[in-house]
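Trainee: I've got a structure open and I'd like to learn how to read it feature by feature. Could you walk me through it?

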Amino acid sequence: MDSKLANIAGAIAEPARARMLCSLLDGHARTATELSVVAEVSPSTASAHLARLKDEQLLVQLAQGKHRYYQLASQEVASALEALLVVAGLPRSEFKPNTPDRLRNARTCYDHMAGTVAVSLHDHFAAQGWLAEASDGYELSAAGEQQFAQLGLDLPALRKMRRRFACPCLDWSERKPHLGGALGAALLQLALKRGWVEQDLDSRALQVPPKGQRQMLAAFGLSSA
């Protein structure tokens with residue numbers, strides 16, 4: 001136990017690795033290149049640091065298409081870092097996205113919704129206990145089953161499709177998950193059909209008119225305030 005604690009403390013104690021870890025406290029995943037900039041080291045040195053942090057189970061790597069991202073391994077790791085920041089009297093760093101506003105707010109990601117709106121919905125679904133972790137992504141809890149069925153989604157048909165039913169999909173602008181899979185695709189089609197969002201003709205951007213936003217929030221029990 002003592003040696004394990006010493007190894008973890010040693011991994012955190014190196015300044016470049018400490019900067020990497022603290023930059024991930026905001027919950028947003030980052031690439032190795034972004035973390036090398038944060039740590040003020042070369043990409044090759046960053047790779048060695050990231051390998052050490054993974055070995056000590058402080059970080060996990062996420063794959064999204066051809067991209068690889070890193071995030072803190074658990075809430076316990078985040079809590080430990082928070083406590084160290086309090087002792088050191090240091091503030092958190094903030095995530096600063098560089099995605100154009102019209103794409104960052106709402107857009108399509110293949111056949112489902114992405115962007116700030118989609119990430120907020122995913123977080124709400126999780127907070128309400130509607131999503132349950134499964135071996136290949138998400139399943140719905142009893143409450144989630146009822147909620148989405150009430151919206152008119154044919155859940156048995158979605159489960160019969162030759163793809164994952166529901167899964168987290170890392171959002172490239174927010175660096176947090178939105179909802180993918182057959183359920184995510186069905187929700188986008190529902191949002192388009194009901195006029196909650198409108199598809200741009202010449203881009204992946206989705207417009208969210210005020211009325212549509214109010215209706216979408218109301219459908220999921222969210223306040224527009």
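Mentor: Let's start with a word we'll need: contact here means heavy atoms within 4.5 Å. Also keep in mind that this is a predicted model.

Trainee: Okay, let's use that word. Which residues of α3 meet which residues of α4?

Mentor: On the α3 side you have A32, L35 and S36, and they meet P43, A46 and L50 of α4. Sorted by class, that contact has 5 nonpolar residues, 1 polar and no charged.

Trainee: How do I describe the way two helices sit against each other?

Mentor: Two packed helices are described by the angle between their axes and the distance between the axes. For α3 and α4, the angle is about 100° and the axes are 9 Å apart. Angles of 65 to 115 degrees count as roughly perpendicular, so α3 and α4 are roughly perpendicular to each other.

Trainee: And at what angle do α1 and α2 pack?

Mentor: Their angle is about 90°, and the axes of α1 and α2 lie 5 Å apart. That makes α1 roughly perpendicular to α2. From α1, the residues G10, A11, I12 and A13 take part, meeting P15, R17, A18 and L21 of α2. By class, the contact of α1 with α2 has 6 nonpolar residues, 1 polar and 1 charged.

Trainee: Let's move on to charges. What should I look for?

Mentor: Side chains of opposite charge can pair when their charged atoms come close. In this structure there are 8 salt bridges. Take K4 and E56: their side chains form one of them, at 3.6 Å from N to O.

Trainee: Where do K4 and E56 sit along the chain?

Mentor: K4 belongs to helix α1 (residues 2-13), while E56 is in the loop between α4 (43-55) and β2 (59-64), so this pair ties together parts that are 52 residues apart in sequence. K4 is partly exposed, at 34% relative accessibility, whereas E56 is buried, at 11%.

Trainee: Which residues are joined with K4 into one network by salt bridges that share partners?

Mentor: The network joins K4, R52 and E56.

Trainee: Next one on my list is R107. With which residue does R107 form a salt bridge?

Mentor: With D171, and the closest N and O atoms are 2.9 Å apart. R107 is in strand β4 (residues 107-109) and D171 in the loop between β8 (167-170) and β9 (177-180), so the pair ties together parts that are 64 residues apart in sequence.

Trainee: Is R107 buried or exposed?

Mentor: Buried, with a relative accessible area of 1%. Its partner D171 is buried too, at 0% relative accessibility.

Trainee: And how far apart are the closest N and O atoms in the salt bridge of E139 with R159?

Mentor: They're 3.0 Å apart. This pair links distant parts of the chain: E139 is in strand β7 (residues 137-140) and R159 in helix α9 (residues 155-160), 20 residues apart. E139 is partly exposed at 29%, and R159 is partly exposed at 30%.

Trainee: Back to that β8 to β9 loop. What about R175?

Mentor: R175 is also in the loop between β8 and β9. R175 is buried, at 11% relative accessible area. Its side chain makes a polar contact of 2.6 Å with the side chain of E34.

Trainee: Now the backbone. What would make a phi value catch my eye?

Mentor: Most residues other than glycine have a negative phi, and most peptide bonds are trans. Here, E40 has a positive phi of about 60° although it is not a glycine. You'll find E40 in the loop between α3 (32-39) and α4. E40 is exposed, at 66%.

Trainee: Where does Y110 lie, and what is its phi near?

Mentor: Y110 lies in the loop between β4 and β5 (112-114). Its phi is near 60°, a positive value in a residue other than glycine. Y110 is exposed, at 73% relative accessibility.

Trainee: Last one: how do I relate sequence separation to distance in space?

Mentor: Take A51, which is in helix α4 and is partly exposed at 35%. A51 and R104 are 53 residues apart in sequence and 31 Å apart in space, C-alpha to C-alpha.

Notes
Residues are numbered from 1 along each chain as its sequence is written. This is a predicted model: local features need pLDDT of at least 70, side-chain atom pairs count only at pLDDT 80 or more; totals for chains, interfaces and linings use all residues. Side-chain values use heavy atoms; hydrogens and water are left out. A salt bridge is a side-chain nitrogen of Lys or Arg within 4 Å of a carboxyl oxygen of Asp or Glu. Helices (H or I, at least four residues) and strands (E, at least two) are DSSP runs, numbered from the N terminus. Buried means under 20% relative accessible area, exposed over 50%, partly exposed in between (1.4 Å probe, protein chains only). Axes are lines fitted to C-alpha atoms, for helices over the stretch in contact, and angles run from 0 to 180 degrees between N-to-C directions. Angles under 35 degrees count as roughly parallel, over 145 as roughly antiparallel, 65 to 115 as roughly perpendicular and the rest as oblique. Ala, Val, Leu, Ile, Met, Phe, Trp, Tyr, Cys and Pro count as nonpolar, Asp, Glu, Lys and Arg as charged, and the others, Gly among them, as polar. A polar contact is a pair of N or O atoms within 3.5 Å; within protein, one must be able to donate a hydrogen and the other to accept it, and residues adjacent in sequence count only if both atoms are side-chain atoms.
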